[in-house]
Amino acid sequence: MKIAVIGTSHVAMIKLGWDLILTGLPEIDMAFFSSPGKSARTRKLINMVFGYHAVVPHPDEIVIGHDARTIDLGAQDAVLQVGYVTGEVELASLLERFAIDGLPATVEKPFRLSRPAFDAFCANLAQRYLPPPEWRGWTGPRLTLQPHPNPNVRCLSSPREKFQRWQTLAAHGATYLAARDIYLDHFETALGQHGIALLRQPAETFAPNGLTLASYGKGAMDLHKNVPLDEDDYVHMNAEFGLLSLEQYFTKVIGAPVHLPTPSPLNSMKEV
Amino acid sequence: MTSPYEGLDPRAYWRSGVADRDPLDPGDLYQRGFAITRKMRIATAGSCFAQHIGRTLKQAGFSIVDAEPAPEWVTDDVAHSFGYRLFSGRYGNIYTARQMLQLVQEIRGDVTPALPVWPMGDRFVDAQRPGVEPHGLPDADAVLAHRATHLAALEQAFRNIDLFVFTFGLTESWVHRDTGTVYPTAPGTIAGTFDPEIFAFKNFTMNEVRQDFVALRRLLMEWNPKLKFLITVSPVPLTATASGKHVEVATTYSKSVLRAACGMLADQFQNVDYFPSYELITSQTARGAYYSGNLRSVTHTGVAAAMGLFLRAHGIAPTNAAHPKRARAETADDAADDLVCEDALLEAFAK
């Protein structure tokens, strides 16, 4: 089975996880295509070929895990796109203002939102985050989207603006997790209508406040430089997280009963 | 001795003011009573035609208060289906002055509407705004909890407005016999059950309409003594009448009462201005062109003509939506009825 794992810098966790088990799964041919940084936004999918199509390379263009500027997704049996953005900003703004019927209440909110209205809003939001038309309704490889992991709990002490919405969401703890599940149900339904599967963050990786347990941030790697990420990187996850994701991917999404071999610690820091 | 009708402005004479006017030219039907500016914080309420007014003012850059905003990323169709973005609060259509008065009295804690929760199948809705939760809520407590936050949001908003825009829609209403509580829809239309022992038909008189608005004005001005009012009459005829009369006769009565009340109010109070959207849409000059194929719904062109007239009178260039010449070509059935109108549901009861 040929599987392409594409996406942003978050592809690294899948790569790290895969490196732990690849020798035990010879029937799977897994290719990686990762582009960190702003240049990733210039990648396009044209005729099932994904990557950098511009004749003149973007100055920040980086491809990790693949020896070409593009990858033919049509030649794959399955494609896993990692690091997909799903709408946490909108969910955070909603939870700040509304108490949603039926969800655990934490703090007083100025407005109430009925469950039918929340469902309608979530379905609405899900449509907004569907991938572009060229990613929908594939007849060849099975496309799966994996949202980027929630940052780990250490981001709560960060003064950086990018973590403010996560600090807001974490303040709602159980409410956030329940709301997120409902939203992702809608997102999964919306994706399913276009033949796309959703790979959720493994349940065991969540802290009670909805962020990722700090342990999954330890050992996260910058595959471009092949060095461990800085202590103040809260968004990238390690091989263990990647392994849990792959386990879920193989069993729930691919549907093939893949027996995961015991991870080899020696492989965990293997070069890409 | 000269006649007092001699030498008047052309708009004073039927021939020059109406008969000689181009069919879709609103002319100078409206002379503003006071200036309305984009700095004003404006609240809108009323019948479903009022939704056009709020939308147009917003598109023209006026500051329309939204006491209960939906997240900005929610699309209009979804927001509207739950009562968001239709008016300045999620109160749905308020067809009568009495209901608007009752709402403000309830916000102040002066009245508590009778039978505030109506069943809808195995769910429950707010009897005062049955359309804002189309799927209902699981129990009566939830309805009351939602209403409490609704009222709190409205109080905060209404205390901080400079202009209140109200469109009078109907005189016919349904009331609770024992308390006089008025409802926006007849029980049994969207929710609830009609029991003639409990509910009664009420057709408000001109004096009642006028007095209700006078009382409403007084209460709102307690929050802001400088508050101004813009009032209109919806040109949309009744979908159905419970008066026993022909619906066309009942419509003329209802609109006449509302129009007369508005005239008296605008004449009586300097801070009340009347905008003649009713006259413009129903004008003989339009030859019915402002109504869609059902002869009831107002077309996009009609809305654009009315709102263009309003904006020009206030020195604002009409937006595309409010400019009759830029409005898109429309068919006879191209009604501007992307509105949420509970009264239209009465059509379903016709045999």
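Let me begin with the place where the two chains meet: in this model, which is a predicted one, 15 residues of chain A are in contact with 15 residues of chain B. On the side of chain A that touches chain B, the elements that give two or more residues are α2 (88-97), β8 (111-113) and α3 (115-128), each of chain A. Of these, α3(A) gives the most, with seven residues. As for the character of that side of chain A, its residues divide into eight nonpolar, three polar and four charged.

I will now stay with chain B, and turn to helix α6, residues 206-223 of that chain. This helix has 18 residues, and from its first C-alpha to its last it reaches 26 Å, which is close to the 26 Å expected at 1.5 Å a residue. Which residues of α6(B) are buried? They are V209(B), R210(B), D212(B), F213(B), L216(B), R217(B) and L220(B), a list in which arginine and aspartate stand beside valine, phenylalanine and leucine. These buried residues lie on the same side of α6(B), because they cover an arc of only 160° around the axis. The general background is that an α-helix has 3.6 residues a turn, so residues three or four places apart point the same way. Turning to the face of α6(B) that looks away from its buried side, we find the exposed residues N207(B), R218(B) and E222(B) there. And what covers the buried residues of α6(B)? The cover includes the helices α4 (97-108), α5 (140-158) and α7 (247-268), together with the strands β5 (163-168) and β9 (228-233), each of them in chain B.

Next, a hairpin in chain B. Strand β3, residues 117-120, and strand β4, residues 123-126, pair in the antiparallel sense over four bridges, and within this pairing V117(B) stands opposite D126(B) in β4(B). The hairpin has two residues between the strands, and in it G121(B) takes a positive phi near 65°.

Finally, a single residue, P10(B), which is found in the segment before α1 (14-19) of chain B. Is P10(B) buried or exposed? P10(B) is exposed, because the number of other C-beta atoms within 10 Å is 12, and a residue counts as exposed at 12 or fewer. Leaving aside residues up to four places away in sequence, P10(B) touches S16(B) and G17(B). Further along the chain, D28(B) is 18 residues apart from P10(B), and the C-alpha atoms of the two are separated by 9.8 Å.

How values were computed: Residues are numbered from 1 along each chain as its sequence is written. Chains are lettered from A and ligands numbered from 1 in the order in which they are written. This is a predicted model: local features need pLDDT of at least 70, side-chain atom pairs count only at pLDDT 80 or more; totals for chains, interfaces and linings use all residues. Two residues are in contact if their C-beta atoms, placed from the backbone, lie within 7 Å. Ala, Val, Leu, Ile, Met, Phe, Trp, Tyr, Cys and Pro count as nonpolar, Asp, Glu, Lys and Arg as charged, and the others, Gly among them, as polar. A residue is buried if 20 or more other C-beta atoms lie within 10 Å of its own, exposed if 12 or fewer, and partly exposed in between; C-beta atoms are placed from the backbone. Two strands pair if DSSP finds at least two bridges between them. The expected span of a helix is 1.5 Å times one less than its number of residues. The arc is that of the directions from the helix axis to the C-beta atoms.
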